[in-house]
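Okay, thanks for making time, everyone. Pull up the viewer and have the sequence open next to it, and let's walk through this one together.

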Amino acid sequence: MIKELKYTGLVVPVDDLTVCALAYADDIALIADSPENLQKLISVLNDWCKKWRFVINPSKSNVVHYRNPPKVQTNFIFQLGDNGPVIDITDNYKYLGVYLDQYLTFSKATTVLGSAAGRALGSMINKYKSMGEMGYSTYTKLFESLVCPVMDYSSAIWGGKSYDCLDNIFNRAQRFFTGVHRLCPIDGYTGDMGWATNRVRWKIDALRLWNRLIQTDKNRLVYKVFQWDMTCHRTDNKANFASNIKQILCQLDLKKCYKDQTVIDVSYAREQLMKGVEKDWKNYANKKVKLDLYNNIKTKYGAEKYLLLNIDKYEKSLLSQLRYGILPLRVETGRFCNEKREGRVCTLCSTNTVENVEHFLFECSVYDSQRLQFIDKVRDCTDNWDTLTYNECLTKLFELKPRALGKYVKDIFLYRRSKLYK
Ligand SMILES: [Zn+2]
C-alpha cells in the first residue's frame, strides 16, 4: 500500500527523503501539502482497501489542516471514493496518544493530560487518606511514579513552556502534603518540598530524547526529521524541538554540545537546572511580603526537616502555615475585614501588641505555662538560647526540634481557639 501511495509522486520532502504516509500497526496517517493531493492519496488508499477487502471506518478517520493561525481552514470536501462517505475536517487529531491540534499549540494535549493527571493525584490522595499517614519519601515516590508519568507523557515534544493546568496539579500535590490552603504563597511550600519542578522534568525528558536522536541510525526517518527540524530552526528561527533544546543548552552553558550534536550528561544537567530553580525561587520568595518570616529562616531550596519526620498531620499543617505567613492569627485574619495592621492586636493579653507569629510563640503571656515547659525541652539545642533573636530561635527549632515545636504550636493554637470561641 505504501508503495502504491509513493508511486503517485505526491510526497512531502523531508531532508533527502520523501514522506506521504506514516503507518503504525493498524493506524495510518496520510501527509500532503495541498487538499487536492491529500484527496488523491485518500483515493489511492481507498482503491487499495477495496481490492484487498479492507474497510475504512469514516467515523474514525479525520482530516486536520495544519497551518499558522491567521490562515483559515480549508473548505475542501474529502471523500472516500466518488460519492463515498465524507471525511470530516477537525481541529485536532490524537496520534499515538498525543493530541496534535491544528496550530500545534498542544493546548488540547496538555489539557487532556492535566485532567488525567488530576485523577491520578486524586486516587493517590485517597490512598494517603486511607492509610492515615504517609512519609515524605513514600509520598514523593508515589507522586513520581503515579502522577508524573501521566503528566509528562511526550513532554519532550510539547514541554518547551509552562502550562497552568499542569502546574496546578504539581502545586496541589505539594499543598496537600504540607497541609495548606490554595491561597498559600507557592514559593513557600515549593521551597520546603524541594521537588524538581515540571519544567525541570520536561527539560530532562527533552535532553533524553536529544541523546537518543543524535545516536539514532542516520538512515532512519526519525533521524532525518530531527535534522530537518534543526535546519528549520537554523534557517527560519522556528520555535520547535531544536529551539527548545538550544535554549536549555544555553541555560546550561553547553551551547557547544548543540552545535556539535553531542550527548549530554543528564545528571549534570539536572543538577544545574535545579540550581537555576533555586535561584528563581529565592528571587520570587524575596518579593513576597507574606513570606517575610520564611525568607528569614529558610535559605536553601530542599526538603525541610519537619516534612521529613513523621509528624502528626495537624501539627505539620500548623507548622507550614506558620512558616508561610498564613496561620490564622489576627495579623492575618484582620486582613479579611480590612483592619489596619497596627489595629490587629492580640485580644487575649492586655499588651496591645499586634498578634503576629513572634507574639504568639514567644511573647503572649496567656501561653506562659506551655511556653515554660516547651523551652525547658528545647533549651539544650543551643548554648546561647537567651541571646538569640526570634528568627534565629525559629531557625534552630525547625532545624533541631521540629517535633517539639509542632507539639507546642498545636497546644497553644488549640488553647487560643478554646479561649477565643468558648
Ligand atoms: Zn497576646
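I'll go through a few helices first and then some single residues.

One thing up front: what you're looking at is a predicted model.

Let's start with helix H12, residues 266-287. How far apart should the ends of a helix with 22 residues be? At 1.5 Å a residue, H12 should span 32 Å, and its end C-alpha atoms are in fact 32 Å apart, so the two agree.

Now look at which residues of H12 go inward. Ala269, Leu273 and Ala285 are buried. They cover an arc of only 130° around the axis, so they sit on the same side of H12. If you want the background, an α-helix has 3.6 residues a turn, so residues three or four places apart point the same way. Flip to the face turned away from that buried side and you get the exposed residues: Ser267, Tyr268, Glu271, Lys275, Lys279, Asn283 and Asn286. And what do the buried ones pack against? Three helices: H7 (186-193), H8 (198-214) and H13 (292-297).

While H7 and H8 are on the screen, go to the loop between them and find Gly194. Buried or exposed? Gly194 has 20 other C-beta atoms within 10 Å, and the cut-off for buried is 20 or more, so Gly194 counts as buried. For its company, leave out anything up to four places away in sequence, and Gly194 touches Tyr301, Gly302 and Ala303. Take Ala303: 109 residues from Gly194 in sequence, but 4.8 Å away in space, C-alpha to C-alpha.

Next, helix H2, residues 35-51. Same kind of check here. H2 has 17 residues and reaches 24 Å from first C-alpha to last, close to the 24 Å expected at 1.5 Å a residue. The buried residues in H2 are Leu38, Ile42, Val44 and Leu45. Their arc around the axis is only 160°, which puts them on the same side of H2. On the face turned away from that buried side you'll find Glu36, Asp47 and Lys51, which are exposed. The cover over the buried residues of H2 includes helix H1 (2-7) along with strands E4 (27-30), E5 and E6 (78-79). And just past the end of H2, Arg53 takes a positive phi of about 55°.

Since E5 just came up, let's stop at Val64, which lies in that strand, residues 63-64. Val64 has 16 C-beta neighbours inside 10 Å, so it counts as partly exposed. Apart from residues up to four places away in sequence, Val64 touches Thr90, Asn92, Tyr93 and Gln102. For a long-range number, Val64 and Ser365 are 301 residues apart along the chain, and their C-alpha atoms are separated by 71 Å.

Okay, a helix pair. Generally speaking, two packed helices are described by the angle between their axes and the distance between the axes. For helix H9 (residues 221-236) and helix H10 (residues 241-251), the axes come within 8 Å and cross at roughly 75°. That makes H9 roughly perpendicular to H10. Asp229, Met230 and His233 of H9 make the contact with Phe241, Ala242 and Ser243 of H10. By type, the residues of that contact divide into three nonpolar, two polar and one charged.

Following on from H10, there's a loop to helix H11 (255-260), and Asp253 is in it. Which sign does phi of Asp253 have? Positive, near 65°, in a residue other than glycine. Asp253 has 9 C-beta neighbours inside 10 Å, so it counts as exposed.

Leu96 is another one with a positive phi, near 50°, and again a residue other than glycine. Look for Leu96 in the loop between strand E9 (92-95) and strand E10 (98-101). It is exposed, because just 11 other C-beta atoms lie within 10 Å and exposed means 12 or fewer.

Last stop: Met151, in helix H4 (residues 136-151). With 26 C-beta neighbours inside 10 Å, Met151 counts as buried. Setting aside neighbours within four places in sequence, Met151 is in contact with Leu113, Ala117, Leu166 and Ile169. Thr111 is 40 residues from Met151 in sequence and 9.9 Å away in space, C-alpha to C-alpha.

That's my tour, so over to you.

Terms used: Residues are numbered from 1 along each chain as its sequence is written. This is a predicted model: local features need pLDDT of at least 70, side-chain atom pairs count only at pLDDT 80 or more; totals for chains, interfaces and linings use all residues. Helices (H or I, at least four residues) and strands (E, at least two) are DSSP runs, numbered from the N terminus. The expected span of a helix is 1.5 Å times one less than its number of residues. The arc is that of the directions from the helix axis to the C-beta atoms. Two residues are in contact if their C-beta atoms, placed from the backbone, lie within 7 Å. Axes are lines fitted to C-alpha atoms, for helices over the stretch in contact, and angles run from 0 to 180 degrees between N-to-C directions. Angles under 35 degrees count as roughly parallel, over 145 as roughly antiparallel, 65 to 115 as roughly perpendicular and the rest as oblique. Ala, Val, Leu, Ile, Met, Phe, Trp, Tyr, Cys and Pro count as nonpolar, Asp, Glu, Lys and Arg as charged, and the others, Gly among them, as polar.
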